[in-house]
Protein chains: 2
Amino acid sequence: MPPTVGWIGCGVMGSSMVKNLLAEKYEVGLYTRTESKAQALLDSGARWFESPAQLAVHHDIVISMVGYPEDVESVYLGETGILSKPSGDRRCTCVIDMTTSQPTLACKIAEVASRQGIASLDAPVSGGDVGARDATLSIMVGGDTDAFARAQPIFGVLGKQAILQGGPGAGQHAKMVNQIIIASTMIGMCEGLLYARRSGLDAQKVLGSVSEGAAGSWSLSNLAPRILQGDFQPGFFVEHFVKDIGIALAECEQMGIDLEGLKLARRLYDEVLQAGGGRLGTQALYRAIDNERERDGS
Amino acid sequence: MPPTVGWIGCGVMGSSMVKNLLAEKYEVGLYTRTESKAQALLDSGARWFESPAQLAVHHDIVISMVGYPEDVESVYLGETGILSKPSGDRRCTCVIDMTTSQPTLACKIAEVASRQGIASLDAPVSGGDVGARDATLSIMVGGDTDAFARAQPIFGVLGKQAILQGGPGAGQHAKMVNQIIIASTMIGMCEGLLYARRSGLDAQKVLGSVSEGAAGSWSLSNLAPRILQGDFQPGFFVEHFVKDIGIALAECEQMGIDLEGLKLARRLYDEVLQAGGGRLGTQALYRAIDNERERDGS
């Protein structure tokens with residue numbers, strides 16, 4: 001019998017991932033803060049539960065994919081959280097947090113879980129809305145080898161690869177690397193597109209050239225076309241990326257490293273946020289970089 | 001009969017490109033500032049000529065792949081340059097500059113060439129040393145449609161695609177877009193690798209995860225592994241990239257746009273240059289970003 005899965009969080013990513021589990025005949029229980037967001041999945045065969053604690057009582061593995069570290073903390077350690085009940089009352093023996101969150105929080109959860117005899121993995125993902133939908137996510141995992149082996153079949157349904165990066169928190173650290181790389185890559189892409197337009201080129205044609213050379217990237221292939229169509233829908237929310245950058249910068253401060261590209265990205269993404277763009281996709285960075293936009297109306 | 005080709009410049013890129021032409025049985029004449037650099041190609045069947053002007057006398061098409069805009073200017077407009085002789089004495093009817101150079105200089109050359117009844121293309125490339133060797137370059141072309149059509153068979157030997165981006169200078173502008181995108185992408189990659197090391201992760205393993213997700217890029221696949229091996233050989237010279245960034249920033253100033261990522265890249269690459277790294281590969285940016293390197297010796 002495959003393990004039963006309790007799932008927390010039905011955002012852009014979580015919903016697609018649950019769909020993929022249901023398609024593979026997994027028995028999935030659901031909890032999410034806003035019940036209405038779960039409706040489509042409940043119609044597709046998932047069952048509703050009243051709290052993370054209830055999910056843990058009735059499922060072998062509980063997986064969370066929520067928004068912010070404070071949500072993660074409440075889902076695991078809160079009053080009706082996964083780890084709130086005495087362990088005897090629970091079927092759950094393994095928890096997996098796939099939210100992008102703080103490495104230190106991942107360690108804290110692993111410690112509490114371990115005291116209750118529950119294995120814990122931090123397993124954030126990369127690959128965006130497309131990757132969640134097509135199950136082509138890259139999954140970065142922190143935790144112990146046994147738990148990783150147990151979770152592999154589920155990771156196989158959700159993504160194209162899962163790599164154990166180290167102990168608790170290592171998945172989150174790897175994800176920070178991912179976000180740090182993306183932050184400046186996005187700056188380069190948006191600056192390039194702005195230059196293309198201002199120099200009078202056909203940006204679509206330029207994209208045809210630069211995507212195929214040394215400037216090529218996932219962002220350029222997947223997000224630049226959206227920018228050229230004026231499509232700033234998420235994808236991946238600006239407000240979540242700002243959260244990720246904040247976590248990374250806090251970690252950098254602790255390590256004593258100064259990442260100027262990342263700091264520039266924070267400043268530019270903050271501008272998008274201040275202008276009310278928190279629920280736009282990360283490609284909305286173009287708006288902050290096109291700093292003459294308002295003036296000449298282009 | 002395929003056109004005969006006069007070639008100027010035997011650097012990392014040029015040498016590989018001439019090899020590919022010779023392999024396809026093109027008749028190739030060579031001129032380069034340092035004759036010794038041409039020796040291997042002369043041994044492979046290319047013929048030596050004493051000046052760009054002499055190449056133009058004896059070949060249908062002359063192609064330049066040199067270092068700096070001042071080299072381009074001298075090769076075309078200098079005393080023994082391609083366009084220095086009265087046109088009656090020349091076989092050459094088409095010139096192609098594949099150097100990354102100033103858009104305005106491309107326009108000036110096109111104008112002088114046109115007065116002499118010679119077609120002119122600016123056709124810089126992307127894809128690095130690997131792309132030149134494997135003939136997988138992406139070629140960005142500015143000039144007129146007829147000349148582009150005539151050059152297509154040669155472009156087909158040198159790269160995997162050539163796109164006409166517009167009139168004279170448009171190839172150079174498209175290449176600036178390419179370099180602007182790369183500049184910040186390199187920052188993100190180096191910052192990500194630094195974070196990976198400082199947070200105690202196995203950087204090689206992290207690369208396995210992040211290359212396959214939304215952080216993926218040509219740089220990450222081709223240059224990050226070199227950084228992890230401590231291999232800072234060129235590839236593409238830091239001093240040439242600094243030149244390209246300088247051209248792009250000058251164009252930005254004229255257009256009235258402020259690209260902060262590009263300016264940060266210039267400052268960081270200048271540090272590499274100041275530390276004597278001009279003839280290293282562009283991945284040596286890692287040294288400037290790893291600003292604690294000297295202090296703790298890692």
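Start this tour of a predicted model by selecting α8 (170-198), α10 (218-222) and α11 (224-228) of chain A, then adding β8 (137-142), β9 (159-166) and α8 (170-198) of chain B: these are among the elements that cover the buried residues of α9(A). The cover thus includes parts of both chains.

Next, select what lies under that cover. Helix α9 of chain A runs over residues 203-210. Which of its residues are buried? They are Ala203(A), Val206(A), Leu207(A), Ser209(A) and Val210(A). Turn the view until you look down the axis of α9(A): the buried residues fall within an arc of 160°, so they line one face of the helix.

Stay at this helix and go to its start. Show the side chain of Asp202(A) and the backbone of Gln204(A). A side-chain oxygen of Asp202(A) comes to within 3.0 Å of the backbone nitrogen of Gln204(A).

Now turn to the aromatic rings. How many aromatic pairs are there over all chains? A search of the whole structure gives eight. For one of them, select Phe148(A) and Phe155(A), a tilted pair with 6.3 Å from centre to centre and 40° between the planes. Phe148(A) and Phe155(A) are both buried.

For another pair, select Phe241(A) and Tyr269(A). Their ring centres are 5.1 Å apart and their planes stand at 80°, so this pair is edge-to-face. Colour the helices to see what the pair links: Phe241(A) belongs to α12 (residues 238-255) of chain A and Tyr269(A) to α13 (residues 260-274) of chain A. The two residues are 28 residues apart, and the pair links distant parts of the chain. Are these residues buried or exposed? Phe241(A) and Tyr269(A) are both buried. Add Phe236(A) to the selection, and you have one aromatic cluster made of Phe236(A), Phe241(A) and Tyr269(A).

Then select Phe237(A) together with Arg279(A). Arg279(A) lies over the face of the Phe237(A) ring, 3.9 Å from the ring centre. Move to chain B and select Phe237(B) and Arg279(B): here Arg279(B) lies over the face of Phe237(B), at 3.9 Å from the ring centre.

Finally, show both chains whole. What rotation superposes chain A on chain B? A rotation of 180° does, with 0.0 Å of shift along its axis and an RMSD of 0.0 Å. The two copies are thus related as by a two-fold rotation axis. Select the contact residues of chain A: 100% of them recur in chain B, and the same surface serves both copies.

Methods. Residues numbered from 1 in each chain as written. Chains lettered and ligands numbered in written order. Predicted model: local features only at pLDDT ≥ 70, side-chain atom pairs only at ≥ 80, totals over all residues. Heavy atoms only, no water. Buried < 20%, exposed > 50% of the residue type's maximum accessible area, 1.4 Å probe, protein only. Helix = DSSP H or I, 4+ residues; strand = E, 2+ residues; numbered from the N terminus. Arc of directions from axis to C-beta. Contact = heavy atoms within 4.5 Å. Polar contact = N/O pair within 3.5 Å; in protein donor to acceptor, adjacent residues only side chain to side chain. Phe/Tyr/Trp six-rings, centres within 6.5 Å; stacked < 30°, edge-to-face > 60°. Lys NZ or Arg CZ within 6 Å of the ring centre and 35° of its normal. Least-squares fit on C-alpha atoms with pLDDT ≥ 70 in both.
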